[in-house]
Each structure stands twice: as structure tokens, then as C-alpha cells.
Amino acid sequence: MLKCSRPSYAWSVTMRYDFELLRGDEIIAAERLILTGLVDVWSRIARMAEHVDEPGCQIRVSEEAGGIAILIGVAAARCLFRRPASRAEQ
């Protein structure tokens, strides 16, 4: 009988990601990070989006081979990571 097991999450791969904050075609901020997994990537995108007040900006994330892994508008990223309002705030 063949037994299936859940994948082990103890094993992980680190990759280099380039994060760029774009205003139109202009790169207004950039950083390179070594991260372990997409949870870390999305967490960094959320932190970047919190600090941008200009409309129309985007966050581009490229993986180490140079391909674009994620391209998201700052406003969309803020909506994605917005904490639900508590009942007291409603």
C-alpha cells in the first residue's frame, strides 16, 4: 500500500529578489533581499506599500533569474493587506 505524506516545510529555498518602487517608468526606490519563500516576499511588499503616499506607484519584484515575479499597484497592495475593521470602528 502506498502511503502519501504531507510535504515537509522544514526544507526551504532562499532566493534573491529585487524590489523596485516605480513611478511611471522611473525607479524611485530599490532594494535587493535574500528571502525564504513567498510569504516573506508579500510581507515586504506590504511594508513597502505602507510607506508610499504618491498615487499611481507600483511595486515590481524580480526573481534572481531576472523575470518579473510580482507587479502590483501600491493602492492594490494596501487593499490586499488592509486589516479588517473592528466592530468598535464600524
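The crossing of helices α1 and α2 is left-handed in this structure, which is a predicted model. Helix α1 spans residues 38–50 and helix α2 spans residues 74–81, and the two pack at an angle of about 115°, with their axes 9 Å apart. Because angles of 65 to 115 degrees count as roughly perpendicular, α1 is described as roughly perpendicular to α2.

On the α1 side, the packing contact is formed by Trp42, Ile45, Ala46, Ala49 and Glu50, which meet Val74, Ala77, Arg78, Leu80 and Phe81 on the α2 side. When these residues are sorted by class, the contact of α1 with α2 comprises eight nonpolar and two charged residues, with no polar residues.

The largest pocket of the model encloses about 160 Å³ of space, and its lining is made up of Ala46, Arg47, Ala49, Glu50, Ala77, Arg78, Phe81 and Arg83. The elements that contribute two or more residues to this lining are α1 and α2, and α1 gives the most, with four residues. Several residues of the helix contact, including Ala46, Ala49 and Glu50 of α1 and Ala77, Arg78 and Phe81 of α2, also appear in the lining of the largest pocket. By class, this lining holds four nonpolar and four charged residues, while polar residues are absent from it.

Definitions and conventions: Residues are numbered from 1 along each chain as its sequence is written. This is a predicted model: local features need pLDDT of at least 70, side-chain atom pairs count only at pLDDT 80 or more; totals for chains, interfaces and linings use all residues. Side-chain values use heavy atoms; hydrogens and water are left out. Axes are lines fitted to C-alpha atoms, for helices over the stretch in contact, and angles run from 0 to 180 degrees between N-to-C directions. Angles under 35 degrees count as roughly parallel, over 145 as roughly antiparallel, 65 to 115 as roughly perpendicular and the rest as oblique. A crossing is left-handed if the near helix is turned anticlockwise from the far one by less than a right angle, and right-handed if clockwise. Contact means heavy atoms within 4.5 Å. Ala, Val, Leu, Ile, Met, Phe, Trp, Tyr, Cys and Pro count as nonpolar, Asp, Glu, Lys and Arg as charged, and the others, Gly among them, as polar. On a 1 Å grid over the protein atoms alone, a cavity is a set of points where a 1.4 Å probe fits but cannot get out, and a pocket is an open set with protein on both sides within 12 Å along at least five of seven lines; lining residues have an atom within 4 Å of a point. Grid points are joined across faces, edges and corners, and a volume is the space filled by probe spheres set on the points.
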